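Notebook open, coffee poured. I want to go through this one from the overall fold down to the ligand shells.

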Amino acid sequence: MIYKQYGNTGLNVSAVGFGGMRFDTTKSNEENAELVLYAYDKGINFFDTAPGYCADKSEDIFGIAFRQLSAERKKFFVSTKGTPSEFDTSQKSQDAVDKSLERLGIDYIDFYYVWCIRTVGQYELAMVDGGQYEGLLAAKSQGKIRHITISSHLRGDQLGDILAKDEFDGVLLGINILNFGYRWSAVELARKKGLGVVAMNPLSGGVIPQNEKKLSYLAAADETPTQAALRFCISSPEIAVTLNGFTTKEHIDMACMVADSAIEFSPERLDAIRKSIPEGASGICTSCGYCLKDCPKKIPISGYLQIYNESLIADRSESEMAKLIKDNHSWGLLADKWADAKDCIRCHRCEENCTQHINIMDRLEVMDRWEEKAYELEAKELSQKSDT
Ligand code: SF4
Ligand code: SF4
């Protein structure tokens, strides 16, 4: 494992962080806690969680592991989070910190994120008098939090304006080998300000492992595209920690293996990759699901958008996309859906919530066109079956 400085804090953190958003929830909390202890034994000392992750089990799972590691508390770092909209007063914000401390079984939280800032308005809400940030300052003065940090999905320039105010010690950003072309300015800016930079989504929400063949241009001769994507973040001097959502010991082993031999990408190699990435691939849906919560039509938006990803990564024809949708109707992302792409009433709510700022409504319109063809294919198959 390699270790890096977390911004100007003087803390030495493992380049690989344990992201607690992909535990296997069919397993018991105790079994999942074993995974956390396994990661700690492999040298990982940075653990990231949030209320709500993994059907709200994530903080409890870490809590089981941390209680077993209590004698070594100074040797590892814990981050958790709260949104300004849910904890919109100083008191609620402090109560949220207390609750997380209790669940995590620790006396202090190393990094507490003002979470999921997708618009400047959400940041402003956190900063109002008597709001979340004020509560976090109070918790910090009581020793319950060591560092107040921000988790952002803002554009680089918007984030720059916020970071210039010196209110945060670190930033969590969705950065990976497919989107670095348009997100990198925020990383450089954060580093310049002396903030710790933590990367989330290094595998673009699973898109890279699921499309290794098409993304082979990302990899050097002796690695897979998935390993190359991890190496990109882990080896970058600008990024302190790369969060990996681990589900199995094998996932941990692979990330640690990459970290043990992480050679930085040369500027020439990055330039070649940048040129190979198809236009639009930076707008990949990461399947985070934030768009789903307010859709009045209950459209499975992230399912549609993940299928749309295919057309961004590979050169797919209209009939190939229709076939893909047809397959997903039967057994995939669109099985058991409540509504079709055509049911969208363009209310904008999903786009306001989208962490990747995707023009969801336009994509659904395209998906509707392909879906019509998918239904034609299904009808044709059905009539052929009834003829035989
Ligand atoms: S714009 Fe369409 S998909 Fe988005 S929330 Fe509104 S109805 Fe749902
Ligand atoms: S469309 Fe946006 S919010 Fe919805 S799952 Fe994809 S990236 Fe997340």
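Below are my entries, in the order I looked things up.

**Entry 1: the whole chain**

Note to self before anything else: this is a predicted model. I started with the secondary structure, and the chain comes to 16 helices and 10 strands. Next I checked the radius of gyration, which is 22 Å; the globule rule gives 21 Å for 388 residues, so the chain is as compact as a globular protein of that length. I also pulled the extents of the C-alpha trace, and along the principal axes they are about 75 × 50 × 45 Å.

For burial, 47% of the 388 residues count as buried. I then looked at how the contacts are spread along the sequence. Taking contacts with a separation of 6 or more, 76% are between residues 24 or more positions apart.

**Entry 2: the barrel**

How many strands make up the closed barrel? I traced eight, in the order S3-S4-S5-S6-S7-S8-S9-S10, with parallel pairing. On average, neighbouring strands of this sheet are turned by 30° against each other, ignoring direction.

I zoomed in on S7, residues 145-152, and asked how many of its residues are buried. The count is seven of eight, so I'm filing S7 as mostly covered.

Then I went through the neighbours of S7. On one side is S6 (residues 109-117), parallel to S7 and joined to it by six bridges. In that pairing I found Val114 bridged to Ile150 of S7. S8 (residues 170-174) also runs parallel to S7, and four bridges join the two. Here I noted Ser151 with Leu172 of S8 as its bridge partner.

Further round, I looked at S9 (residues 196-200) and S10 (residues 241-245). They pair in the parallel sense over two bridges, and Ala199 has Thr242 in S10 as its partner.

**Entry 3: two helices I checked against the strands**

Which strands does H6 lie across? I get S5 (77-82), S6 and S7 for this helix, residues 132-141, and its angle to S7 is about 155°.

H10 (residues 225-234) was my other pick, and 10 of its 10 residues are buried. The buried set runs from Pro225 to Ile234 and includes Gln227 and Arg231, so I checked what they pack against. The buried residues of H10 pack against two helices, H9 (207-210) and H11 (249-260), and against strands S3 (16-19), S9 and S10.

**Entry 4: ligand 1**

I counted 15 residues around ligand 1, and the nearest are Cys295, Cys344, Cys347, Arg349 and Cys350. By class, this shell has 11 nonpolar, one polar and three charged residues. Which helix gives the most to it? That's H16, with three residues. H15 (349-353) and H16 (360-387) each supply at least two residues of the shell.

**Entry 5: ligand 2**

Around ligand 2 there are 16 residues, with Cys285, Cys288, Cys291, Ser302 and Cys354 coming nearest. I sorted this shell by class too and got nine nonpolar, seven polar and no charged residues. Where does the largest share come from? It comes from H13 (residues 301-313), which puts in three residues.

**Entry 6: where I left off**

Worth keeping side by side: three charged residues in the shell around ligand 1, and no charged residues in the shell around ligand 2. For the fold, my one-line reminder is a closed barrel of eight strands with parallel pairing.

Note on methods: Residues numbered from 1 in each chain as written. Chains lettered and ligands numbered in written order. Predicted model: local features only at pLDDT ≥ 70, side-chain atom pairs only at ≥ 80, totals over all residues. Near = placed C-beta within 6 Å. Nonpolar A, V, L, I, M, F, W, Y, C, P; charged D, E, K, R; others polar. Buried ≥ 20, exposed ≤ 12 C-beta atoms within 10 Å, placed from the backbone. Pairing = 2+ DSSP bridges. Axes fitted to C-alpha atoms, helices over the stretch in contact; angles between N-to-C directions. Contact = placed C-beta atoms within 7 Å. Rg over C-alpha atoms; globule rule 2.2 N^0.38 Å.
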